[in-house]
Amino acid sequence: MTVARILANKGHEVVTTQPHRTLLEVSKILCEKGIGAVVVTDAAGALLGIASERDIVRALGSSGVAALEDPVSRHMTARVVTTTRDSSVHSTMEMMTHGRFRHVPVVHNGRLEGLVSIGDMVKYRIAEIENERKALQEYIATA
Ligand code: AMP
């Protein structure tokens with residue numbers, strides 16, 4: 001199963017921000033949208049980085065509340081690992097586990113076309129396992 005299937009269910013919206021926005025502004029976005037990470041882009045929409053709640057906690061833990069006035073570019077991760085719509089859910093989950101991050105932007109022809117989180121993946125895997133269980137149960141019942 002591919003990442004495209006997850007995007008078809010959850011949609012293609014990606015919440016983005018710009019590099020000069022402060023950590024306080026980013027915190028407000030995460031809070032209002034009920035999400036754990038934002039993608040940082042330039043004015044043309046090119047991917048510059050990703051900033052998650054983890055980065056905000058790290059900045060607060062090391063610099064205190066003054067860090068809330070810092071631009072997000074100072075605390076984001078600039079080397080973003082991305083996936084594609086044709087990648088398998090399995091390999092994308094492996095990437096997340098190996099890299100220890102919970103968010104992956106989906107890129108197509110150099111453009112952002114979605115973002116998948118570990119929560120989306122787990123939801124999908126649970127549904128898949130449940131379908132397998134039902135199919136097996138039906139098979140046993142009719143055998
Ligand atoms: P998360 O688990 O997504 O909250 O992120 C944990 C750390 O990994 C933070 O420092 C993020 O900036 C970073 N991170 C999140 N997603 C990615 C990604 N797709 N590629 C690279 N780093 C990431």
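Colleague: How many helices and strands are there in the protein?

Modeller: In this predicted model, the protein has 5 helices and 5 strands. Their order from the N terminus is α-β-α-β-β-α-α-β-β-α.

Colleague: Why is helix 4 called oblique to helix 5?

Modeller: Helix 4 (residues 89–99) and helix 5 (residues 118–142) pack at an angle of about 140°, their axes being 11 Å apart. Angles over 145 degrees count as roughly antiparallel and those of 65 to 115 as roughly perpendicular. The angle of about 140° falls in neither range, and helix 4 is therefore oblique to helix 5. The crossing of these two helices is left-handed.

Colleague: Which residues make the contact of helix 4 and helix 5?

Modeller: Helix 4 contributes V89, T92, M93 and M96, while helix 5 contributes I118, M121, V122, Y124 and R125. Of these contact residues, 7 are nonpolar, 1 is polar and 1 is charged.

Colleague: What makes R125 the charged residue and T92 the polar residue of that contact?

Modeller: Arg is counted among the charged residues, whereas Thr is not listed as nonpolar or charged and therefore counts as polar.

Colleague: Which residues come nearest to the ligand?

Modeller: Of the 15 residues around the ligand, the nearest are S52, D55, T77, R102 and H103.

Colleague: How do you know that S52, R102 and H103 make polar contacts with the ligand?

Modeller: A polar contact requires a pair of N or O atoms within 3.5 Å. An oxygen atom of the ligand lies 2.7 Å from a polar side-chain atom of S52. For R102, an N or O atom of the side chain is 2.7 Å from a ligand oxygen atom. For H103, the distance from a polar side-chain atom to a ligand oxygen atom is 2.6 Å. Each pair therefore meets the 3.5 Å limit.

Terms used
Residues numbered from 1 in each chain as written. Predicted model: local features only at pLDDT ≥ 70, side-chain atom pairs only at ≥ 80, totals over all residues. Heavy atoms only, no water. Axes fitted to C-alpha atoms, helices over the stretch in contact; angles between N-to-C directions. Helix = DSSP H or I, 4+ residues; strand = E, 2+ residues; numbered from the N terminus. Parallel < 35°, antiparallel > 145°, perpendicular 65-115°, else oblique. Left-handed = near helix turned anticlockwise from the far one by under 90°. Contact = heavy atoms within 4.5 Å. Near = heavy atom within 4 Å. Polar contact = N/O pair within 3.5 Å; in protein donor to acceptor, adjacent residues only side chain to side chain.
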